[in-house]
Each structure stands twice: as C-alpha cells, then as structure tokens.
Amino acid sequence: MAQYRVVSGSVALITIQNPPVNALRAAVREGLFNAIKRASSDPQVRSVVLSGHNGTFCGGADIKEFGNVSLPGPHLVEVFQLMEDLVKPVVAAIEGFALGGGLELALACHYRIGHSKARVGFPEVNLGLFPGAGGSQRLPRLVGVPAALDIIITGRHVAAGEALKLGLLDKVIDQNTVDAAVTFAKSVEGKPLDNHRLGNRPCPPLENMDAFFEEAMKRVHSRARGAVAPITCVQAVRGAATLPFHKGMELEKMLLGTLFNSAQAQASQYCFFAERAGARWSMPSGARWDTCKAKPIGTAAVIGLGTMGRGITVALARAGLSVVAVETQEHQLAEAQRAVSRMLKGGGRVSYSPDLQAAAEVDLVVEAVFEDMAIKEKIFKQLSEVCKPGTLLTTNTSTLDIDRLASCTRDPQLVVGMHFFAPAHIMRLLEVVYGPRSSPEAVATAMQLGKRMGKVSVAVGNCTGFVGNRMLKPYLEQANFLLEEGATPELVDAALEEFGFPMGVFKMSDLSGLDVGWRVRKEEGLTGPGVTAGQPMRIRHSRRYSPLGDLMCEEGRYGQKTGSGWYLYDKPGGRVARSDPWLRNFLEQYRARHGLVARRISQQEVLERCLYALINEGFRVLEDGIAASPQNIDAIYVFGYSWPKHRGGPMFYASQVGLARVLEGLNHYHQAHPDVPHLEPCSLLRRLVASGSPPIDKWSEVVKGHRSQL
Ligand SMILES: CCC/C=C/C(=O)SCCNC(=O)CCNC(=O)[C@H](O)C(C)(C)COP(=O)([O-])OP(=O)([O-])OC[C@H]1O[C@@H](n2cnc3c(N)ncnc32)[C@H](O)[C@@H]1OP(=O)([O-])[O-]
C-alpha cells in the first residue's frame, strides 16, 4: 500500500499504491505511518520523497470508508503530524491529482514539487465536509486566508501554474516529477526545516479580518441554499486566522465531528457515487456497459439551431468532433453561427448549412428541432434517406416517443434519444433514451459520446417524458393545484427555495417559457380550441386538471421572454421576478368562478405535495423498469434539475425522510384529493415499506421481485 525503497543513496522514496486514485484507506494510512517511521530510523536515509503510483499522487480519503463509525488504522491527522515532525526533509512529488486528504498529505510535507499538468484542491465541500485533517489550518498558513478560503469553499481544482503563483507548490516541472523531487530532496538534506512545517507558522496577517469574515459568511449563507459544509469552511479558516495551530486543530476536529455523519454529508457522498453509477448502464435485454462496444464517432450533424441546437453544437465541438450545423431558416442560421462562434471563442470545427444533405457523411446526427412530432417524423424520414448507412440518428426530444421516430427510418436499431438540458453546453446531464428496437451498440455509442462531452450520462427507457420530465409532471401539477387552493407563486417558490432549489417551480417555469408546456399539452390533447369546448375546465380523462398554465398562455404571458408570466419582469427578457398584482386578482377571480375557497397553505404542505408526488412517480419509473436504479434517478435530478446535492436526489431524500412517512403522506393527500391519481402511493413504495423499508442500495432486490410478479 505504501512502497518503500531507498534511491540515490540517501532518499527514501515512499510510493502510495492503491489504484485507481491512491485513496487513503486504512491499509494505506497504516503503510504510510510505518514507512515514515522507517525513514526516520533508517540511518542511510537523509531525506524523503512521497509520490503516488501510476501518475496520480492521491485522490484523498477513501470515501467508501465513510459511514463506518470507527475507522480502522491510524487517523489521517496522526499520519500527517508524524510526517511534518520528521527531522529529515519530506518532498511531495505531485503528478495527476492531489485532492482532499491528498493535498493535506502534501501540505504536511516540507516541500511540494508538481508536474505542470497536476491539479490540486479541496473538493470536500462537495461531499458535505471540509478539509478536516489539518488542511483547513495548514493551507491558510501557506497561501494566506483569502486564497485558502476560496479554494476550500469552491472545492475547485487548481492548476499547477496557479498553485505555483499562490505558493502552494514550490516548483513546477515538465519532466519526470519523481526524479526532480529526488534531486531536490538531496539538495535540501540537512537544511533547517522549521519554517517549512506549516503547523509552526503563523497565518499571514489580514487587514480588516472581522469585516472579511463577516462578508464571507454573508456570501456563503446566500449561496449555500441550506448546505452546512460551506459555512463550516468559513468557521474553520477563521480558526486558522485567529488561533494557534493546536487550538485551530481542536476547532477543526470539533467542526468535522458535527458534519461527518450528518444527513447532508451522507447525501452529498451518495451523489458522488450516483454520478458515476450511470456509466455502468444496463438494458432490460441484458445488454450492459461492459459487454457492448461503442462505435467511433468523429463527425456529427446538429439539425435545428434554436437555443438547444446551438448549445449541443458547442458541446460536441468542444468534445473534439467536427460538426455540421444545419438550419433551414436563413436568418436563424446566420444568428446561430454568430452565437456558436461567440461561445466557442473562435475554436472548434463547425460548418453551417441550410440543407439537410450536408449531414450525408456524418457518423451521428442530433436532431434538435421544435417539439412537434410531425416535423420530427419528417426529418427522421429524410435523414434515413440522406445519411450514409450506419449513421446513428438521435433526437433531443424531451418527451416524445423515440420508437415512433425510429419507425420512420430504415434502421430503427440506430435510433436513440440524446436528451440534453438547457444550456446544453453547460448542464451536466444527458439522458440517453433507448427504445424497444435501439441496439446496445447505439446506446453504448451515445453513452460514450456523453462521457467525451463531460456529461453525467444516464441510460433510460422510452416513455412520455422519460425519467426527468415524467417525474416533473406531477410536481408541476401539484404546484398549480396549490395555487387553485389558495397558495401564491411566491409561497410555493419560497418553500422550494428554502428546501435548496436555486429557483422555485414558478420562477423556473417563467425562465423556461410557459408556452413549452402549453405546446406539449396541446399535443397530448389536454387543451386547445377543439378540446375544451363542452368539457368541464378542471377535469380531463376523469382526473383533476388545472387549466391555469393554459389560461396564462392565452393571455400572452409566456414568462421572462414576454415580460410576464407567474411573475412580472421589467421588460421582455428581464430576469428579476416581482410579484404581480394582476396575478393575485386573476387567481381570485378564477377561484370565484370555480367555487374554490382559498385556504391557508403551509410550507410543509407545499413541500410534501410537490416532492412526494414527484418521488411517487420515481417509484413508478423504477417499477416500470424505465430507470435501472434509484441512483440513476437521483443523478438525473441532481445534474439536470438542480435538486440540491446536500439532499441527495429525490429517491435518496425519500429514504432519509423514511419510506413509511412518505407513504403515509401520500395516503393522506390522496384521501383529500381522490381525483389526483399521482398522489395514490404506487405499489412498489407500498411493497418497500412492507419489506421493512430497506436501505436504498437494497431496493433493487424488492424491485426485481416486484417485476417478476407483474
Ligand atoms: C477525514 C475527513 C476529511 C475528508 C478528506 C477527504 O479526502 S474526502 C475525499 C476528497 N477527495 C475527493 O473528493 C476526490 C474524489 N475523486 C475525484 O474527484 C476523481 O475521482 C478524480 C478527479 C480523482 C479522478 O477522476 P477520474 O474521472 O479519473 O476517475 P473517477 O472519478 O471515475 O474515479 C475512478 C474510481 O475511483 C473511485 N474514487 C475516486 N476517488 C475516490 C475516493 N476519494 N475514495 C474512494 N473512491 C474514489 C470512483 O468512485 C471510481 O470508482 P468506480 O466508479 O470506477 O468504481
């Protein structure tokens, strides 16, 4: 786990060996501890170089070990202190990554040499933690409080060049890092080390320290959306700035104690693994990530250059593909060309054409036109004729039937969905949707392409709305029902924002455009002139229906783009939402017209109605085999719908709330609203509760048993 050998006559070279990222699990900590002791007592050794096996210094503590109440082996703090106290100089040779505990390890060394491609950082905040093994106390002493706080709070990876400027690295080199570190170590043998022991150093003084930390705390509170870890980061760094090292370490230990087994830390760490779980996809046919090979993709076409098409073009070009961007409307094409070039800052290989024929030779097509089945069917038919045999035909539809599009083509097995999220070049999520006839190779190729674009890709089955939008529907529906019953958009949004969403449901609808859902509802036959005539306004297919969104669109209120929606904006395209007296009036009249009596609605009811309805649909998605696991659903929600990471995604949240409580809540609301089928607890949830509410990683066993009985 920590290899020890003496090189160049006097240098103990200690190499951490724990693939793939040399995480500091118990055996590694033990190995390091023993290796340092050995170097200390080895009379031949006059200096030490610490490195990581296989081009990675160290990815930090082993996250898989967290959750164990008593971690075996020596504690990291103990190992690092032993290293800092060594009377022989210790040089860190940093290749690849030094993250979290890996950077703390490097900070306990007396010198740090990095490769020019190395990256260092403290990503603990993303795991609901902070650098709690001395990092929060040593880093500010090395680079000063403002730089340290920035690195610790953002969790960002710092490139070697910047780390050198900050003084975090002593030297950056392009050659073999270990060789350079060995030469350097020999050059400092016997030299005094006191100033290189960060625990001995005071923090560089900071003017207006109180004001600095007050401001930092204010900023963090406004951005953290209820997450505790960022606040703790500020408290710990303040400790470094004001306390002697040993007192700061005590504070660090106390703060870490409050976070380590917290619900937020568990949720954030669950997200770390859920993010990666999508890569191990499987299909109901048994096809899997490790048995299917992706086709090589070098060229792609994007059809339709609206907002989505432009973002997709940028994402593909940034992944190194040569892209043909096709848009039949000339003015839109010219505008898109300017926008894409701006986003790519002159880079990328993109050509433009008004003609579908330009897609003839590409390996893959992403269709991103208007959400209209008839238009899409026509395009798929044309593409099938125009493109060379074997071209993968994908669609960015957010709800429509993939299999129906596949039926328009010669090779339905080559059709899959690639559902991007706006803005497509920024949002991390990609839903890869397979239909009953999509080939495993097509799915593997889309998943591989997602990875190349840096996306969190999740393979899902074909149904209306797939996973994300299918679950969103009951959530939006509940929000509208709550307005009918007496809530305001402000009340509903405040509850959801307090929960941790960056934006409540009504602000989000205003941003994405109310007309989008209106068009979908028209397509589904829920609204439109021919549909509403002679029907009760608030019932469709014997279920409760809220026409509020349709009525808003009929008034021309599409959201931000028209300057008004659920809120008022100072101009079309304005961003700052203000309460609209018109809406209050409109809701009052609507309620009066339909004999609805407004009642007081609590934030708790808002959360339970909206979130439990969404979660209930999540269980149905699992039950139907549309998502392979709760982890996949949670990754979709965290990376595509801004579900707060510290709440772990909807399915994990349900497990934290307690499945029995979610079931009870749904039963209660369904009794009160029997005409809302989305509130009726689904059978998988009932079954899980009946099986004693197993932990989330055991749900699949109940799902399997459940499916075999269907
Ligand atoms: C004492 C309390 C204070 C806390 C201190 C800490 O250090 S907290 C920690 C602070 N450190 C961090 O937060 C760093 C977390 N790690 C990363 O950010 C990235 O892994 C990377 C940038 C190091 C490499 O990116 P990349 O795209 O090349 O690779 P990849 O991401 O696909 O990972 C490959 C495999 O390794 C696995 N695995 C990775 N790290 C850990 C780990 N620490 N542990 C366990 N496992 C880990 C990962 O799950 C995956 O497994 P799979 O799915 O194949 O079974």
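# Strands, a ligand and some unusual residues

Ala 301 stands opposite Val 324 in β11. The exercises start from this pair.

The model is predicted, so local features need pLDDT of at least 70 and side-chain atom pairs pLDDT 80 or more, while totals for chains, interfaces and linings use all residues. Numbering starts from 1 along each chain as its sequence is written, and side-chain values use heavy atoms, without hydrogens or water.

## Exercise 1: strand β10

Find the two strands that pair with β10, and give the sense of each pairing.

Solution.
- Step 1. Locate β10 at residues 299–303. Strands (E, at least two residues) and helices (H or I, at least four) are DSSP runs, numbered from the N terminus.
- Step 2. Go to β11, residues 322–326. Five bridges link β10 and β11 in the parallel sense. Strands pair when DSSP finds at least two bridges between them.
- Step 3. Go to β13, residues 364–367. This strand also runs parallel to β10, over four bridges. Here Ile 303 has Glu 367 as its bridge partner.
- Step 4. Add helix α12, residues 307–318. With β10 and β11, α12 makes a right-handed β-α-β unit. Right-handed means that, with the strands pointing away from the viewer, the path from the first strand over the helix to the second runs clockwise.
- Step 5. Check the cover. Four of the five residues of β10 are buried. Buried means under 20% relative accessible area, exposed over 50%, partly exposed in between (1.4 Å probe, protein chains only).

## Exercise 2: the ligand

Which residues come nearest to the ligand, and which elements give two or more residues to its shell?

Solution.
- Step 1. Take the shell of 21 residues around the ligand. A residue is near if one of its heavy atoms lies within 4 Å. Gly 59, Ala 61, Ile 63, Gly 101 and Arg 276 come nearest.
- Step 2. Sort the shell by class. There are 12 nonpolar, four polar and five charged residues.
- Step 3. Look for oxygen atoms of the ligand beside N or O atoms of the protein. One is 2.7 Å from a polar backbone atom of Ala 61. A backbone N or O atom of Gly 101 is also 2.7 Å from a ligand oxygen. The side chain of Arg 276 brings an N or O atom to 2.8 Å from a ligand oxygen.
- Step 4. Work out the cover. The ligand taken alone exposes 1000 Å², and the protein buries 75% of that. These areas come from the Shrake-Rupley method with a 1.4 Å probe; for residues, only the protein chains shown count as cover.
- Step 5. Name the elements. β5 (97–99) and α11 (263–277) each give two or more residues. The largest share, three residues, comes from α11.

## Exercise 3: Glu 371

Is Glu 371 buried or exposed, and which side chain does its own side chain contact?

Solution.
- Step 1. Place the residue. Glu 371 sits in the loop between β13 and α14 (373–386).
- Step 2. Read the accessibility. Glu 371 counts as buried because its relative accessibility is 19%.
- Step 3. Trace the contacts. The side chains of Glu 371 and Lys 376 share a polar contact of 3.4 Å. Such a contact is a pair of N or O atoms within 3.5 Å; within protein, one must be able to donate a hydrogen and the other to accept it, and for residues adjacent in sequence both must be side-chain atoms. The Glu 371 side chain also reaches the backbone nitrogen of Ser 398, at 2.8 Å.
- Step 4. Move on from Ser 398. Lys 388 is 10 residues from Ser 398 in sequence, yet their C-alpha atoms are 26 Å apart. Lys 388 lies in the loop between α14 and β14 (392–395).

## Exercise 4: backbone exceptions

Where are Pro 20 and Pro 423, and how exposed is His 541?

Solution.
- Step 1. Recall the rule. Most residues other than glycine have a negative phi, and most peptide bonds are trans.
- Step 2. Find the cis bonds. Pro 19 to Pro 20 is cis, with omega near 5°. Pro 20 belongs to the loop between β2 (11–16) and α1 (26–41). Ala 422 and Pro 423 are also joined by a cis bond, with omega about -10°. Pro 423 lies between β15 (415–420) and β16 (429–434), in the loop.
- Step 3. Turn to phi. His 541 has a positive phi near 50°. Its loop lies between β18 (539–540) and β19 (543–544). His 541 is exposed, because its relative accessible area is 59%.

Conventions: Ala, Val, Leu, Ile, Met, Phe, Trp, Tyr, Cys and Pro count as nonpolar, Asp, Glu, Lys and Arg as charged, and the others, Gly among them, as polar.
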